[in-house]
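Work through the three exercises below with the model open. Try each task before reading its solution.

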Amino acid sequence: MSQPLGQTLPTNVIQHLVGGNPVIVGTTDADGHPYLSAAGSCIALDERTLRFAAFSNGRTLANIRRDGRVFLETLGDDLVVGIRGLA
């Protein structure tokens, strides 16, 4: 069962992202459909800020520039985390 974790990332999630683990990035296309892409790594700059790379000519970045909403999901040992926010 999922549960909200609050407005900041827990320490175990920050530590998981230190290793540059991959994440799935979800955005919304112009027609309203979801668009998913894999980002090779994502790191936590602090408990409220993540950094990941997106291709400059790709749909993910175009969707972020147009809408700003993102949902990231990452998996690890005993860890499944979904993070929503603005980019």
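The exercises cover a backbone angle, a nonpolar core and a strand residue in this predicted model.

**Exercise 1.** Place Asp-78 in the fold, and decide whether Asp-78 is buried or exposed.

*Solution.*
- Start with the backbone. Asp-78 has a positive phi of about 55°, yet it is not a glycine.
- Set this against the general pattern: most residues other than glycine have a negative phi.
- Next, the location. Asp-78 sits in the loop that links β5 (69–76) to β6 (79–86).
- Last, the accessibility. The relative accessible area of Asp-78 is 85%. Exposed means over 50%, so Asp-78 is exposed.

**Exercise 2.** Describe the largest nonpolar core, then list the contacts of Leu-9.

*Solution.*
- Count the members. The largest nonpolar core has 15 residues.
- Find those with the most contacts inside it: Leu-9, Val-13, Leu-17, Val-23 and Leu-72.
- Assign the elements. At least two residues of this core come from each of α1 (11–18), β1 (23–28), β3 (42–46), β5 and β6.
- Turn to Leu-9. Set aside neighbours within four places in sequence. Leu-9 then contacts Ile-14, Ala-44, Asp-46, Glu-47, Leu-50 and Ile-83.

**Exercise 3.** Characterise the surroundings of Thr-74.

*Solution.*
- Locate the residue. Thr-74 belongs to strand β5.
- Check accessibility. Thr-74 has a relative accessible area of 2%. The limit for buried is under 20%, so Thr-74 is buried.
- Look for a polar partner. A polar side-chain atom of Thr-74 lies 3.1 Å from the backbone oxygen of Pro-22.
- Complete the contacts. Not counting residues up to four places away in sequence, Thr-74 touches His-16, Leu-17, Asn-21, Pro-22, Val-23, Leu-79, Val-80 and Val-81.

How values were computed:
Residues are numbered from 1 along each chain as its sequence is written. This is a predicted model: local features need pLDDT of at least 70, side-chain atom pairs count only at pLDDT 80 or more; totals for chains, interfaces and linings use all residues. Side-chain values use heavy atoms; hydrogens and water are left out. Helices (H or I, at least four residues) and strands (E, at least two) are DSSP runs, numbered from the N terminus. Buried means under 20% relative accessible area, exposed over 50%, partly exposed in between (1.4 Å probe, protein chains only). A nonpolar core is a set of buried Ala, Val, Leu, Ile, Met, Phe, Trp, Tyr and Cys residues joined through side-chain atoms within 4.5 Å. Contact means heavy atoms within 4.5 Å. A polar contact is a pair of N or O atoms within 3.5 Å; within protein, one must be able to donate a hydrogen and the other to accept it, and residues adjacent in sequence count only if both atoms are side-chain atoms.
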